[in-house]
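Below is a short briefing on one predicted model. Keep the structure open while reading.

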Amino acid sequence: MKIDVEKMTAEISLMENSLYIVKDGKLTKVPALQHGEDKIIWKNGQVLDFIRSERVRV
């Protein structure tokens, strides 16, 4: 991942399964899980929280 702070742009790989959250100009990469659930909580049009739960198969 390449980030150009001056231009406020980022170059990401489309070969990776990931979720990207952009908030106030800051990029956060959330890698994929084998099994589970991701939930994003929004408030006033901005990401407030990110909740991740993982399921384990037995």
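Met1, Ile3, Val5, Met8, Ile12 and Leu14 form a nonpolar patch on the surface of this predicted model. Together they offer about 690 Å² of accessible area. The points below take up one patch member, then a strand hairpin, then the salt bridges.

**Nonpolar patch**
- Met8 belongs to the patch and sits in the loop between strand S1 (2-4) and strand S2 (9-11).
- The relative accessible area of Met8 is 56%, so Met8 counts as exposed; the cut-off is over 50%.
- Met1 and Ile12, both in the patch, are also among the contacts of Tyr20.

**Hairpin of S3 and S4**
- Strand S3 (residues 18-23) and strand S4 (residues 26-31) run antiparallel. They are joined by 6 bridges.
- Ser18 has Pro31 as its bridge partner in S4.
- Ile21 is partnered in S4 by Thr28.
- The hairpin has 2 residues between the strands. Asp24 takes a positive phi there, near 55°.

**Tyr20**
- Tyr20 is placed in strand S3.
- Its C-alpha atom is 6.0 Å from that of Val30. Along the chain, Tyr20 and Val30 are 10 residues apart.
- Setting aside neighbours within four places in sequence, Tyr20 is in contact with Met1, Ile12, Leu27, Thr28 and Lys29.
- One of these contacts, Thr28, is the bridge partner of Ile21. Another, Lys29, takes part in a salt bridge with Glu16.

**Salt bridges**
- How many salt bridges does the structure hold? There are 2.
- Lys29 pairs with Glu16, with the closest N and O atoms 2.4 Å apart. Lys29 lies in strand S4 and Glu16 in the loop between S2 and S3, so this pair ties together parts 13 residues apart in sequence.
- Lys29 is partly exposed, at 33% relative accessibility. Glu16 is partly exposed as well, with a relative accessible area of 37%.
- Asp38 and Arg52 meet through their side chains in a salt bridge of 2.9 Å, N to O. Asp38 lies in strand S5 (residues 36-43) and Arg52 in strand S6 (residues 46-54), so this pair ties together parts 14 residues apart in sequence.
- Asp38 has a relative accessible area of 38% and counts as partly exposed. Arg52 is partly exposed too, at 32% relative accessibility.

How values were computed:
Residues are numbered from 1 along each chain as its sequence is written. This is a predicted model: local features need pLDDT of at least 70, side-chain atom pairs count only at pLDDT 80 or more; totals for chains, interfaces and linings use all residues. Side-chain values use heavy atoms; hydrogens and water are left out. Two strands pair if DSSP finds at least two bridges between them. Helices (H or I, at least four residues) and strands (E, at least two) are DSSP runs, numbered from the N terminus. Contact means heavy atoms within 4.5 Å. Patches are made of residues with over 30% relative accessible area and no salt bridge: like charges are joined within 9 Å, nonpolar side chains (Val, Leu, Ile, Met, Phe, Trp, Tyr) within 5 Å. Accessible areas come from the Shrake-Rupley method with a 1.4 Å probe; for residues, only the protein chains shown count as cover. A salt bridge is a side-chain nitrogen of Lys or Arg within 4 Å of a carboxyl oxygen of Asp or Glu. Buried means under 20% relative accessible area, exposed over 50%, partly exposed in between (1.4 Å probe, protein chains only).
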